[in-house]
Amino acid sequence: DNNKESLSNQFSDRSKVIFNLAYKIAADTEVDLNSNHVLFVIIDQPEKYIEQILEKLNVSIGNLKKQLKIALISLKKTKKDSQFDESITTLIDVASS
């Protein structure tokens, strides 16, 4: 638990908000939290620079949100003890290195 708290303290306030919102979406639909939940929150409430990056890459935010919703809806409900999948561990590892 100390490691989890220590790791949490390394996140910015914005990152904490994103992960909390993503976790709520996963919990409400009874699935494990994964990186698609995090991406959905980032796209659903983008900072201005995120919008600019996606526009320069010719990515439609609306279409991306629609595709993410489809991916999230298709997730299987889980009864496992785990509350997040390995994609979250990878995100945290990359962000903290």
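Is Asp44 buried, partly exposed or exposed? Asp44 is partly exposed, with a relative accessible area of 35%. That residue is a useful place to start, and the text returns to it below.

The model shown here is predicted. Its mean pLDDT over the protein chain is 83, and 88% of the residues reach 70 or more. Confidence varies along the chain: helix α1 (residues 2–10) has the lowest mean, 57, while α3 has the highest, 92. What is said about α1 should be read with that value of 57 in mind.

The protein chain contains 6 helices and 0 strands. Followed along the sequence, the pattern is α-α-α-α-α-α. Of the 97 residues, 20% count as buried. Among contacts with a separation of 6 or more, 65% join residues that are 24 or more positions apart. One pair shows how sequence and space can part company: Gln10 and Ser96 are 86 residues apart in sequence, yet their C-alpha atoms are 7.9 Å apart in space. Gln10 belongs to helix α1 and is exposed, with a relative accessible area of 54%.

Next comes the interior. In soluble globular proteins, nonpolar side chains tend to be buried together. Here the largest nonpolar core has 10 residues: Ile18, Phe19, Ala22, Ala26, Val31, Leu33, Val38, Val41, Ile88 and Ile92. Helices α2, α3 and α6 (86–96) each give two or more residues to this core. The largest share, 4 residues, comes from α2. There is also a second, separate core of 6 residues, which includes Ile43, Ile50, Leu54 and Leu68.

Phe19, a member of the largest core, also takes part in an aromatic pair. The structure holds 1 such pair. The ring centres of Phe11 and Phe19 are 5.5 Å apart and their planes meet at 10°, so the pair is stacked; the cut-off for stacking is an angle under 30 degrees.

Helix α3 deserves a closer look. At its N-terminal end, Asn34 acts as a cap, with a side-chain oxygen 2.7 Å from the backbone nitrogen of Asn36. Within the helix, the buried residues are His37, Val38, Phe40, Val41 and Ile43. The elements that cover these buried residues include α2, α4, α5 and α6.

Which residues does His37 touch, not counting those up to four places away in sequence? They are Ala22, Ile25, Ala26, Val31, Asp32, Leu72 and Leu75. His37 is found in helix α3 and counts as buried because its relative accessibility is 1%, where buried means under 20%. The contact with Ala26 can also be read from the other side. Leaving aside neighbours within four places in sequence, Ala26 is in contact with Val31, Asp32, Leu33 and His37.

The charged residues come last. Side chains of opposite charge can pair when their charged atoms come close. The model has 4 salt bridges, and three of them are described here.

In one of them, Lys24 and Asp28 meet with 2.8 Å between N and O. Both residues lie in helix α2 (residues 13–28), 4 residues apart, which is about one turn of the helix. An α-helix has 3.6 residues a turn, so residues three or four places apart point the same way. Lys24 is partly exposed at 48% relative accessible area, whereas Asp28, at 54%, is exposed.

A salt bridge of similar layout joins Lys48 and Glu51, with 3.7 Å from N to O. These two residues are both in helix α4 (residues 48–56), 3 residues apart, again about one turn of the helix. Lys48 counts as exposed because its relative accessibility is 54%, while Glu51 is partly exposed at 24%.

The remaining example brings back Asp44, which forms a salt bridge with Lys65, the closest N and O atoms being 2.8 Å apart. Lys65 lies in helix α5 (residues 61–73) and Asp44 in helix α3 (residues 35–44), so this salt bridge ties together parts that are 21 residues apart in sequence. Lys65 counts as partly exposed, at 23% relative accessibility, and Asp44 is partly exposed too, at 35%.

Key
Residues are numbered from 1 along each chain as its sequence is written. This is a predicted model: local features need pLDDT of at least 70, side-chain atom pairs count only at pLDDT 80 or more; totals for chains, interfaces and linings use all residues. Side-chain values use heavy atoms; hydrogens and water are left out. A salt bridge is a side-chain nitrogen of Lys or Arg within 4 Å of a carboxyl oxygen of Asp or Glu. Buried means under 20% relative accessible area, exposed over 50%, partly exposed in between (1.4 Å probe, protein chains only). Rings of Phe, Tyr and Trp (its six-membered ring) pair if their centres lie within 6.5 Å; planes under 30 degrees apart count as stacked, over 60 as edge-to-face and the rest as tilted. pLDDT is the predictor's confidence in each residue, from 0 to 100. A nonpolar core is a set of buried Ala, Val, Leu, Ile, Met, Phe, Trp, Tyr and Cys residues joined through side-chain atoms within 4.5 Å. Contact means heavy atoms within 4.5 Å. A polar contact is a pair of N or O atoms within 3.5 Å; within protein, one must be able to donate a hydrogen and the other to accept it, and residues adjacent in sequence count only if both atoms are side-chain atoms.
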